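Biologist: Could you take me through this model step by step, with each term explained as we meet it?

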Amino acid sequence: MVERLASPAAHELDALTDLWERSVRATHDFLAPEDIPFFRRMVRQEALPAAEIYVIRDSGNGFAAFAGIGADRLEMLFVAPSARGKGLGRELVEHVAVHCGVRRVDVNEQNAQASSVSNVNRESEISSSSH
């Protein structure tokens, strides 16, 4: 189930940042490991607080995946490595497309695995416009 974090507490932002780092280490092989701390600070201090955050929780009530949106753009989509391949990213993309008016996706061109997000988003646009 997708949940909006209206005003994430500091410990939630920390947990989302931890999820971000685990996901990045598992999927962003184009980033040098020594660059991750710089981006981690930027994500925690700037990107997460500026975005509208939607999450899917794991069975222990932690975060399994999250999406961050700004206006009509999907800015962030990260899935915990242990939750990859279970459709959580697709669920989040479809939710923000249908319920939040997201129509554009910001995908890092170096992230080949993220190309499927654009395809999911197109499918979501088609399904949301037919309702």
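Biologist: How many residues does helix 1 have, and what does it reach from its first C-alpha to its last?

Modeller: This is a predicted model, in which local features need pLDDT of at least 70 and side-chain atom pairs count only at pLDDT 80 or more, while totals for chains, interfaces and linings use all residues. Residues are numbered from 1 along each chain as its sequence is written, and side-chain values use heavy atoms, with hydrogens and water left out. Helices are DSSP runs of H or I with at least four residues, strands are runs of E with at least two, and both are numbered from the N terminus. Helix 1 (residues 10-27) has 18 residues, and, close to the 26 Å expected (1.5 Å times one less than its number of residues), its reach is 25 Å.

Biologist: Which aromatic residue of strand 4 pairs with W20 of helix 1?

Modeller: Rings of Phe, Tyr and Trp (its six-membered ring) pair if their centres lie within 6.5 Å, and planes under 30 degrees apart count as stacked, over 60 as edge-to-face and the rest as tilted. The whole structure holds three aromatic pairs. In one of them the centres are 6.3 Å apart and the planes stand at 65 degrees, so the pair of W20 and F78 is edge-to-face. This pair ties together parts that are 58 residues apart in sequence, because W20 lies in helix 1 and the partner in strand 4 is F78.

Biologist: Is W20 buried or exposed?

Modeller: Buried means under 20% relative accessible area, exposed over 50%, and partly exposed in between, with a 1.4 Å probe and protein chains only. F78 is buried, and W20, too, is buried.
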